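Visitor: Before we begin, I would like to see the model, and then ask how some of its labels are justified.

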Amino acid sequence: MTAEVIPFIPFNPLDKKNLGASVAEALLAGKIYPLDNLPKFRGAGIYAIYYSGTFSPYEEIAKRNQQSKQIPIYVGKAVPSGSRKGGEPAVNSKAGKALLSRLSEHAESIRAVDNLDINDFTCRFLVVEDIWIPLGESLLIARYSPVWNSLVDGFGNHDPGKGRHNGKRPRWDVLHPGRDWAAKCKDRPETSEDIIREVESHLRNMTFPTSDKFILPE
């Protein structure tokens with residue numbers, strides 16, 4: 001009897017998916033910093049923000065992060081100036097302080113609200129060549145489904161500017177009021193209690209990743 005031939009697919013380390021996975025894994029292997037006390041550095045790249053405080057809707061995240069710091073509440077990117085305008089990609093060495101500035105903006109947003117404490121937030125960040133930034137970010141979001149990227153969106157929004165507050169207030173600002181510009185936006189139909197119920201249900205039913213590896217054995 002002829003043995004069955006198993007059709008193994010050759011592993012290609014240069015496949016786009018595997019290259020993106022290496023970026024995501026490099027971020028997760030990096031050092032953790034307090035969001036309120038970031039080092040000075042230059043460059044663009046990706047980042048993950050972690051929460052370990054006492055805001056009860058995030059209890060499922062916080063209790064894990066008090067030990068392992070592996071469940072991000074938000075994942076984002078900071079791209080070099082000019083990288084979305086077409087043509088040749090911007091060189092990361094010319095990216096200035098894009099990543100540091102973005103993280104600093106997030107810290108300011110958290111400081112502005114009363115029901116969050118900046119001392120409960122930490123982050124990891126990775127300076128990356130700009131071509132790999134969107135892929136690394138999208139893989140991390142797909143893996144962890146961070147609450148502030150999905151259910152409680154709007155954390156990364158900017159002030160739309162004078163006379164441009166006709167849109168609805170972001171859900172993040174409904175749950176975490178305090179940013180002056182968001183208070184000028186139109187009310188949403190959802191209340192903070194509605195959003196809390198969604199968050200708690202989502203986290204109760206979520207299967208959290210048990211590994212920070214993106215390339216796993218078959």
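Visitor: In which helix does Lys63 lie?

Guide: In this predicted model, Lys63 lies in helix 2, which covers residues 59-65.

Visitor: What makes Lys63 buried, exposed or partly exposed?

Guide: Its relative accessible area is 42%, and since buried requires under 20% and exposed over 50%, Lys63 is called partly exposed.

Visitor: Why is the pair of Tyr51 and Phe121 called stacked, edge-to-face or tilted?

Guide: Twelve aromatic pairs are counted by the ring rule. In the pair of Tyr51 and Phe121 the ring centres are 4.9 Å apart and the planes stand at 45 degrees; stacked needs under 30 degrees and edge-to-face over 60, so this pair is tilted. Tyr51 belongs to strand 2 (residues 45-51) and Phe121 to strand 4 (residues 121-127), so the pair ties together parts that are 70 residues apart in sequence.

Visitor: How do you know whether Tyr51 and Phe121 are buried or exposed?

Guide: Buried means under 20% relative accessible area; Tyr51, at 2%, therefore counts as buried, and Phe121, at 1%, likewise counts as buried. Ring pairs also link both residues into a cluster, whose members include Tyr47, Phe55 and Trp148.

Visitor: How do you know that the span of helix 4 agrees with its number of residues?

Guide: Helix 4 (residues 133-144) has twelve residues, which at 1.5 Å a residue should span 16 Å, and because its end C-alpha atoms are 17 Å apart, the two agree. Among its buried residues are Ile133, Leu140 and Tyr144, and the helix is followed by Ser145, whose phi is positive, near 45 degrees.

How values were computed
Residues numbered from 1 in each chain as written. Predicted model: local features only at pLDDT ≥ 70, side-chain atom pairs only at ≥ 80, totals over all residues. Heavy atoms only, no water. Phe/Tyr/Trp six-rings, centres within 6.5 Å; stacked < 30°, edge-to-face > 60°. Helix = DSSP H or I, 4+ residues; strand = E, 2+ residues; numbered from the N terminus. Buried < 20%, exposed > 50% of the residue type's maximum accessible area, 1.4 Å probe, protein only. Expected span 1.5 Å × (residues − 1).
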